[in-house]
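Reader: I would like a close look at a single part of this model, the aromatic cluster. Please set it in its surroundings and keep the sentences short.

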Amino acid sequence: QVQLVESGGGLVEAGGSLRLSCVASGSIFSINAMGWFRQAPGKQRELVAAVTSGGRTNYADSVKGRFTISWDNAKNTVSLQMNSVKSEDTAVYYCTAMPSGRGKYEYWGQGTQVTVSS
């Protein structure tokens, strides 16, 4: 089992920056990818950014060039740096982890609210 705890959400003005962090604990050795999803009211949960244990990253088109995901293995922490935020970035952000060999995200944090004011 893997436990994920997010932090860093809050209220930010449009054009500003925010940094989300997620600390993983438990069977961390089994994880080969981590990511951030978000869910806005009335919308489906969507992948924002992901990073593999090898450092490969991918981003949703809507956040490319604005958001950066990073994985600090020494601290068991994955972070999402959000720059030039927009009102449409308002959502609950969830940290997630994919066990090796499973091909899907199976562990989830409790979520952290990000609200962008215009």
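Author: Strands here are DSSP runs of E with at least two residues, and helices are runs of H or I with at least four, both numbered from the N terminus. On that basis the chain has 11 strands and 0 helices. The model is predicted. Its order of elements, from the N terminus on, is β-β-β-β-β-β-β-β-β-β-β.

First, the frame around the cluster. The chain has 118 residues and a radius of gyration of 13 Å, which agrees with the value near 13 Å for a compact globule. Along the principal axes, the C-alpha trace spans about 40 × 25 × 25 Å. Buried residues make up 43% of the 118. Take the contacts with a separation of 6 or more: 55% of them join residues 24 or more positions apart. The cluster gives examples of pairing between parts distant in sequence.

Now the cluster itself. Two numbers are needed for each pair. A pair of aromatic rings is described by the distance of the centres and the angle of the planes. Rings count as a pair if their centres lie within 6.5 Å, and planes over 60 degrees apart make the pair edge-to-face. The count for this chain is 2 aromatic pairs.

Start with Phe-37 and Tyr-105. Their ring centres are 5.5 Å apart. Their planes stand at 75°, so this pair is edge-to-face. Phe-37 sits in strand S4, while Tyr-105 sits in the loop between strand S9 (91-99) and strand S10 (107-108). The two residues are 68 apart along the chain, so the pair links distant parts of it. Both Phe-37 and Tyr-105 are buried.

Next, Phe-37 and Trp-108. This aromatic pair is edge-to-face too, with 5.0 Å from centre to centre and 65° between the planes. Trp-108 belongs to strand S10 and Phe-37 to strand S4, so the pair ties together parts 71 residues apart in sequence.

Put the pairs together. Phe-37, Tyr-105 and Trp-108 are linked into a cluster by ring pairs. Phe-37 takes part in the pair with Tyr-105 and in the pair with Trp-108.

How is the cluster covered? The cut-off for buried is under 20% relative accessible area. Phe-37 has 13%, so Phe-37 is buried. Trp-108 has 34% and is therefore partly exposed.

One neighbour in sequence deserves a look. Lys-104 is also in the loop between S9 and S10. Its C-alpha atom is 9.3 Å from that of Ala-33, although the two residues are 71 apart in sequence. Leaving aside neighbours within four places in sequence, Lys-104 is in contact with Met-98 and Pro-99.

Now compare another aromatic residue. Phe-29 lies in the loop between strand S3 (18-26) and strand S4 (31-39). Its relative accessibility is 74%, so Phe-29 counts as exposed. Phe-37, by contrast, is buried. The C-alpha atom of Phe-29 is 9.6 Å from that of Val-2, which is 27 residues away along the chain.

Strand S3 also holds Val-23. At 43% relative accessibility, Val-23 is partly exposed. Its contacts, leaving aside neighbours within four places in sequence, are Gln-3, Leu-4, Val-5, Asn-76 and Thr-77. The C-alpha atoms of Val-23 and Gly-8 are 11 Å apart, with their positions 15 residues apart along the chain.

Asn-76, one of those contacts of Val-23, leads to a backbone detail. Most residues other than glycine have a negative phi. Asn-76 has a positive phi of about 50°. Its place is the loop between strand S7 (67-72) and strand S8 (77-82). With 27% relative accessibility, Asn-76 counts as partly exposed.

Ser-84 also has a positive phi of about 50°, and is not a glycine. Ser-84 is in the loop between S8 and S9. Its relative accessible area is 41%, so Ser-84 is partly exposed.

Last, the surface and charges. The accessible surface of the chain is about 6,100 Å², and carbon and sulfur atoms account for 47% of it. The chain carries 11 positive and 8 negative charges, whose mean positions are 5 Å apart.

Back to the part you asked for. The cluster joins Phe-37, Tyr-105 and Trp-108 through ring pairs. Phe-37 and Tyr-105 are buried, whereas Trp-108 is partly exposed.

Methods. Residues numbered from 1 in each chain as written. Predicted model: local features only at pLDDT ≥ 70, side-chain atom pairs only at ≥ 80, totals over all residues. Heavy atoms only, no water. Rg over C-alpha atoms; globule rule 2.2 N^0.38 Å. Buried < 20%, exposed > 50% of the residue type's maximum accessible area, 1.4 Å probe, protein only. Contact = heavy atoms within 4.5 Å. Areas by Shrake-Rupley, 256 points an atom, 1.4 Å probe, with all protein chains shown as cover. Lys, Arg positive; Asp, Glu negative; His and termini not counted. Charge placed at Lys NZ, Arg CZ, Asp CG, Glu CD. Phe/Tyr/Trp six-rings, centres within 6.5 Å; stacked < 30°, edge-to-face > 60°.
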